[in-house]
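Visitor: I've got a model open and a few questions about it. Mind walking me through?

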Amino acid sequence: MAHEVHEAHRRAALVFSLFDANGNGVLEAEDFDLMSARVLAVAADSSETARQALADSLRRYWEVLSAALDANDDGVISPEEFRGFVLNPELFGATASDFADALAALGDPDDDGLIERSRFLALMTAIGFEEANTEALFGAFGPDSGDRIAVPTWADGIRDYYSPEKAGIPGDQLVPTPA
Ligand SMILES: [Ca+2]
Ligand SMILES: [Ca+2]
């Protein structure tokens with residue numbers, strides 16, 4: 001159990017660094033607007049509905065996070081305040097789920113239910129993941145002979161990744177191993 005908790009905390013630290021899109025060491029509304037803009041920039045061919053859903057999901061994500069974690073109500077979430085992330089699996093799990101569905105949908109602009117490697121890499125890099133780790137994760141999802149994965153496969157992977165209490169999942173490959 002202690003091992004799982006440790007993994008969850010390590011992943012929470014990476015989630016914090018991904019959320020901190022402007023890299024200033026705290027989370028604020030601007031980070032989520034910036035992430036939204038970066039993701040939408042590589043999904044220009046997705047439908048307006050799908051693009052709006054992603055923007056809405058990230059806005060809600062910030063609202064839920066700040067309402068729960070900005071303990072001193074200064075409009076930003078410090079790394080110390082973010083430690084509460086792993087203590088609220090139900091609240092953040094539901095929010096992560098909406099984001100997961102919205103992001104995965106952007107991976108499938110032609111709506112055939114499949115996500116091609118190049119699109120997956122573009123979206124994951126826009127979120128802030130390293131390219132090498134992203135390639136490894138795509139392989140772990142078991143792409144088909146056309147080098148594509150199913151939309152729900154990725155949506156479930158994102159859901160698990162951003163769910164604070166999960167451990168022992170494919171997304172743990174994205175967590176850097178301490179030297
Ligand atoms: Ca920030
Ligand atoms: Ca704060």
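Visitor: Which residues does Leu103 touch, not counting residues up to four places away in sequence?

Guide: Quick note before that: this is a predicted model, with local features needing pLDDT of at least 70, side-chain atom pairs counting only at pLDDT 80 or more, and totals for chains, interfaces and linings using all residues. Residues are numbered from 1 along each chain as its sequence is written, while chains are lettered from A and ligands numbered from 1 in the order in which they are written. A contact here is two C-beta atoms, placed from the backbone, within 7 Å. By that test, Leu103 touches Leu54, Leu123 and Ile158.

Visitor: And which helix gives the most to the largest nonpolar core?

Guide: A nonpolar core is a set of buried Ala, Val, Leu, Ile, Met, Phe, Trp, Tyr and Cys residues joined through C-beta atoms within 7 Å, where buried takes 20 or more other C-beta atoms within 10 Å, exposed 12 or fewer, and partly exposed anything in between. This one has 39 residues, and Phe99, Ala100, Leu103, Leu106, Leu123 and Ile158 touch the most other members. Several helices, which are DSSP runs of H or I with at least four residues, numbered from the N terminus, each supply at least two residues, among them helix 1 (2-19) and helix 5 (89-106). The top contributor, with 9 residues, is helix 5.

Visitor: Is Asp73 buried or exposed?

Guide: Asp73 sits in the loop between helix 3 and helix 4 (79-82), and its phi is positive, about 55°, although it is not a glycine. Because it has 7 C-beta neighbours inside 10 Å, Asp73 counts as exposed.
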